[in-house]
Amino acid sequence: MNVSHPSKTPLLDAAPTPDLLRKLKPEQLRQFADELRQETIDVVSVTGGHFGAGLGVVELTTALHYVFDTPRDRIIWDVGHQAYPHKILTGRRDRIRTLRTGGGLSGFTKRAESDYDPFGAAHSSTSISAGLGMAVARDLTGGDNNVIAVIGDGSMSAGMAYEAMNNAGAMQSRLIVILNDNDMSIAPPVGAMSAYLARLLSSQTYGSAREALKNLAHKLPKFFEDRALRAEEYARGMVTGGTLFEEMGFFYVGPIDGHNLDHLLPVLTNVRDAGNGPVLIHVVTQKGKGYAPAEASSDKYHAVAKFDVATGTQVKAKSNAPSYTSVFGQSLVKEAQKDDKIVAITAAMPGGTGVDIFEKSFPNRTFDVGIAEQHAVTFAAGLATEGFKPFCAIYSTFLQRGYDQVVHDVAIQRLPVRFAIDRAGLVGQDGPTHAGSFDNTYLGVLPGFIIMAAADEADLVHMVATQVAIDDAPSALRYPRGEGRGVEMPEVGVPLPIGKGRIVREAGAGKPKVALLSFGARLGECLKAADELDTFGLSTTVADARFMKPLDLDMILKLAREHEVLITVEEGAIGGFGTHVLQTLADHGALDKGLRVRTLVLPDTFIDHDSPAKMYEQAGLDAKGIVAKVFEALGKDAPEKVKLA
């Protein structure tokens with residue numbers, strides 16, 4: 001592990017901000033980077049969070065803030081997983097141990113948090129587009145600051161990055177893109193020779209000579225001009241490997257060792273001082289660099305819980321209940337053992353979606369398409385046209401990126417693509433950028449879609465089997481992050497009747513007052529609320545809708561007839577399940593008979609990161625909030641003493 005040198009004066013304390021960092025001598029930066037890496041390790045051991053990517057860019061972070069005049073010069077970190085060292089270095093070290101906690105620092109870059117965060121990130125592949133926008137704005141206002149977009153090789157698998165590069169290359173605005181190559185090994189070996197070439201190619205001397213040669217070539221007859229320019233391009237491409245980027249209009253520099261400050265500093269300085277036009281610097285780094293357990297990990301400790309620094313052992317909460325993600329993966333394996341047409345698709349998240357479980361049993365039927373949700377959706381549609389049963393497993397927040405394809409390529413053609421939507425609802429420490437708030441709404445408006453939500457892990461098993469059986473329409477199954485309720489699990493899944501819910505708890509004797517209609521994993525909170533309402537003399541029925549499309553019309557109208565108050569509860573935004581229930585009640589005249597209906601949804605705001613329990617409490621979607629909504633519907637004040645904590 002790289003550590004600061006105890007015999008020397010600590011530098012991290014002396015340079016808490018980039019302006020003070022720039023007062024250090026270049027030979028002091030190695031020690032500074034070592035201290036920054038150790039601080040990052042210590043911080044994440046306490047807070048948990050994204051880890052490996054940050055350790056991999058410690059030297060790059062140090063060099064960027066040393067060479068460039070931040071925040072006047074803009075640094076845009078793609079995704080933001082790697083931004084913890086950046087936050088430590090930009091005046092937030094005193095708050096860094098509040099990372100991803102309620103009221104604390106975001107786990108990603110955030111404009112409202114610091115002037116050093118010029119663009120908020122969390123979804124990938126946005127940095128070049130945003131950077132180009134900033135560069136053009138600078139040009140339009142006559143500015144002269146630098147704009148630097150740092151993008152990982154994984155993020156370069158998304159089409160948006162290439163769309164941005166294509167646009168930038170054509171516009172010729174001065175923009176610096178740093179390709180942080182830490183996984184794909186697309187670079188030839190780096191070392192002294194490649195570092196020398198990178199310094200040479202990025203220098204003004206080379207740039208001037210190259211332009212002079214181009215000018216000379218232009219004066220030759222057309223036949224010789226074309227061949228001279230092509231020879232120069234291919235000669236340099238053979239040496240550097242950057243022909244692709246050159247074809248898109250970028251001046252390519254690299255590859256260089258992203259952990260060697262002696263290589264980074266002169267190249268960044270040369271590029272900073274160069275003339276106009278877009279430049280791409282290819283930097284090779286190692287995820288988890290400087291921390292042995294992370295370096296040895298297959299995912300380089302991409303994201304971790306709190307851990308012991310000495311051993312790397314993570315401290316994870318113990319639970320007897322399986323995670324929804326693992327239940328999905330295991331259920332899909334069981335179904336695929338019976339049906340060889342089932343295939344699984346993920347967009348660079350095999351572990352996060354449970355597709356890695358499927359892949360162990362069916363590697364030839366598993367497809368990781370990279371960070372390319374649009375492609376994933378249409379790829380699944382193509383498979384469906386040929387009789388396969390594709391399960392497209394994507395987080396709710398990431399499925400947003402492929403929405404046009406969901407509409408145009410799947411829904412309009414009524415192709416039976418099966419969407420497994422993980423991370424539905426609020427997700428906790430990753431905050432609003434990763435919350436699955438909108439899928440009920442954005443899928444619910446699409447004709448012909450069958451939409452389900454699992455109330456618990458047992459229901460999830462049956463719903464996977466239900467999706468397998470649906471062969472004439474697209475379907476979506478949503479479920480939350482984390483562990484289930486610990487219910488008894490079925491051995492095998494049994495397809496559910498499409499569009500049919502269930503009464504989980506009947507109201508007691510006498511005329512019941514309240515019906516709670518849940519869609520999804522808030523069912524447990526509805527049951528707690530029903531217990532509490534009973535103590536106040538309010539007899540309560542609890543129903544699980546199971547389906548949002550099609551709705552269980554008979555069950556909903558029965559609840560409307562037999563209750564004075566009907567509360568719908570969902571882990572989604574306005575316009576989702578509750579809206580569909582209201583539309584149905586209105587269409588059938590159920591609202592004309594004095595029924596009091598309320599829809600409990602996520603509030604019309606982006607909820608900042610915190611524990612999921614606290615976020616749901618803030619949203620009013622816990623048992624206490626449900627009880628309060630019932631009393632509000634009845635026109636009564638909620639009791640001062642509510643047993644629920």
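These are my notebook entries on one buried acid and on the aromatic rings of this structure.

**Entry 1: ground rules.** I am working with a predicted model, in which local features need pLDDT of at least 70, side-chain atom pairs count only at pLDDT 80 or more, and totals for chains, interfaces and linings use all residues. Residues are numbered from 1 along each chain as its sequence is written, and side-chain values use heavy atoms, with hydrogens and water left out.

**Entry 2: Asp78.** I looked up Asp78 and found it in the loop between β2 (74-77) and α5 (84-92), where helices (H or I, at least four residues) and strands (E, at least two) are DSSP runs numbered from the N terminus. Asp78 is buried, a word that stands for under 20% relative accessible area, with exposed meaning over 50% and partly exposed in between (1.4 Å probe, protein chains only).

Which side chain of opposite charge is nearest to Asp78? It is Arg401, at 7.3 Å, and Asp78 has no salt bridge; that term asks for a side-chain nitrogen of Lys or Arg within 4 Å of a carboxyl oxygen of Asp or Glu. For charge, Lys and Arg count as positive and Asp and Glu as negative, while His and the chain ends are not counted.

I then noted a polar contact of 2.7 Å between the side chains of Asp78 and Ser127 (a pair of N or O atoms within 3.5 Å; within protein, one must be able to donate a hydrogen and the other to accept it, and residues adjacent in sequence count only if both atoms are side-chain atoms). Beyond its neighbours within four places in sequence, Asp78 has contacts (heavy atoms within 4.5 Å) that include Ser124, Val150 and Ser155.

**Entry 3: ring pairs.** My search of the whole structure gave 12 aromatic pairs, counted when rings of Phe, Tyr and Trp (its six-membered ring) have centres within 6.5 Å; planes under 30 degrees apart are stacked, over 60 edge-to-face and the rest tilted. Phe328 and Tyr479 are stacked because their ring centres are 5.8 Å apart and their planes at 25°. Phe328 lies in helix α14 (residues 324-338) and Tyr479 in the loop between β13 (475-478) and β14 (502-505), so the pair ties together parts 151 residues apart in sequence. Phe328 is buried at 1% relative accessibility, and Tyr479 is buried at 1%.

Phe438 and Phe606 make an edge-to-face pair, 6.3 Å centre to centre with 80° between the planes. Phe438 is partly exposed at 31%, whereas Phe606 is exposed at 59%.
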